[in-house]
Amino acid sequence: MAMTYEKILSMDTPNSVVERQIRPEELMEELGIKKDVYYAYLKYLGIKAEKDLEGKAYLTDEQANAIRALRSHVQNTGKMDGFLNQNGELTIAGEASLLNAAEQAQPQDNPMDEQFEELIRAAAELKGQQLVLPELVIRELASRMTYDDLPEDIQVKVANVRQSASPKYQPAQLANDLLSQWRNRRSQVQAA
C-alpha cells in the first residue's frame with residue numbers, strides 16, 4: 001500500500017501536524033473558476049503551489065483559504081483591486097486582515113512550471129501555422145494566376161500537356177467516316 005504525503009510527513013516528526021493537500025482542480029471546481037482565473041489569483045496573492053512526492057501540485061489549507069477569500073472579494077466587487085490594504089495585509093472589503101502578504105509570498109523557482117503544457121501546446125500551434133502559411137499563400141497565388149502569368153518554360157509544359165490530352169482527330173470528320181461506313185454496309189446487305 002502506497003504511503004501518502006501526509007503519512008510520510010507525520011512520520012518525520014513525532015508531533016507534526018498532518019497537512020491537508022488541496023489539489024488545484026478541486027479548488028477550481030469548488031469555486032467554479034477556470035485555470036486562467038486560478039493562475040491569476042495565485043499570481044495576485046503571490047502563492048506558489050507546493051509539490052508532493054509525485055511532483056503533483058497542491059495548496060495548503062491556508063493558501064486555499066486565501067484564494068477562496070479573494071474569489072469572494074472578486075464576486076462582491078467585480079475586481080481583485082482593493083483586496084490588499086495599504087499595510088500589505090489581505091482583507092475582504094473592509095474586514096479584519098486574513099493573511100500577511102509578506103508571509104504568504106514565496107520565491108518562485110520557475111513561474112512557468114504551472115503552465116508548462118499550455119505553453120508547449122501554444123508554441124506547437126504557432127509553429128504549425130508558420131509551417132502551413134507559405135503553402136496557403138502559394139495555393140492562393142496559384143488560384144489567382146492565369147496562363148499569361150506563367151513563366152515561359154511552364155507555359156511550354158502546359159501547352160504540351162494540353163496538346164497530348166486533346167484528340168488527334170476531328171470529331172466532325174470521324175462522324176462522317178463512321179456514317180459512310182455504316183451506309184456502305186447497309187447498301188451491301190440490301191444488294192445481296
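**Exercise 1. Work out what pattern the protein follows along the sequence, and how many helices and strands that takes.**

Solution. Read along the sequence, the pattern is α-α-α-β-β-α-β-β-α-α-α-α. The secondary structure comes to eight helices and four strands. Here helices (H or I, at least four residues) and strands (E, at least two) are DSSP runs, numbered from the N terminus. Keep in mind that this is a predicted model, where local features need pLDDT of at least 70 and side-chain atom pairs count only at pLDDT 80 or more, while totals for chains, interfaces and linings use all residues. Residues are numbered from 1 along each chain as its sequence is written, and side-chain values use heavy atoms, with hydrogens and water left out.

**Exercise 2. Find how the axes of H2 and H4 cross, and which residues make the contact.**

Solution. Start with the axes, which are lines fitted to C-alpha atoms, for helices over the stretch in contact, with angles from 0 to 180 degrees between N-to-C directions. Those of H2 (residues 24–31) and H4 (residues 61–77) come within 11 Å and cross at roughly 25 degrees. That makes H2 roughly parallel to H4 (angles under 35 degrees count as such). Next, list the contact (heavy atoms within 4.5 Å): H2 brings Leu-27, Glu-30 and Leu-31, and H4 brings Ala-64, Ile-67, Arg-68 and Arg-71. Sorted by class, that's four nonpolar, no polar and three charged residues.

**Exercise 3. Do the job again for H3 and H4: at what angle do the axes cross, and which residues touch?**

Solution. The axes of H3 and H4 come within 10 Å and cross at roughly 105 degrees. So H3 is roughly perpendicular to H4 (65 to 115 degrees). From H3, the contact takes Tyr-38, Tyr-41, Leu-42, Tyr-44 and Leu-45; from H4, Ala-66, Ile-67, Leu-70, Arg-71 and Val-74. The split by class is nine nonpolar, no polar and one charged. For the classes, Ala, Val, Leu, Ile, Met, Phe, Trp, Tyr, Cys and Pro count as nonpolar, Asp, Glu, Lys and Arg as charged, and the others, Gly among them, as polar.

**Exercise 4. Identify which residues of the largest nonpolar core touch the most other members, and which helix gives the most to this core.**

Solution. First the term: a nonpolar core is a set of buried Ala, Val, Leu, Ile, Met, Phe, Trp, Tyr and Cys residues joined through side-chain atoms within 4.5 Å. Buried means under 20% relative accessible area (1.4 Å probe, protein chains only). Of the 21 residues in the largest core, Leu-27, Tyr-38, Leu-42, Leu-45, Ile-47, Leu-59 and Ile-67 touch the most other members. H2, H3 (35–45) and H4 each supply at least two residues, and H4 gives the most, with six.

Note on methods:
Angles under 35 degrees count as roughly parallel, over 145 as roughly antiparallel, 65 to 115 as roughly perpendicular and the rest as oblique. Buried means under 20% relative accessible area, exposed over 50%, partly exposed in between (1.4 Å probe, protein chains only).
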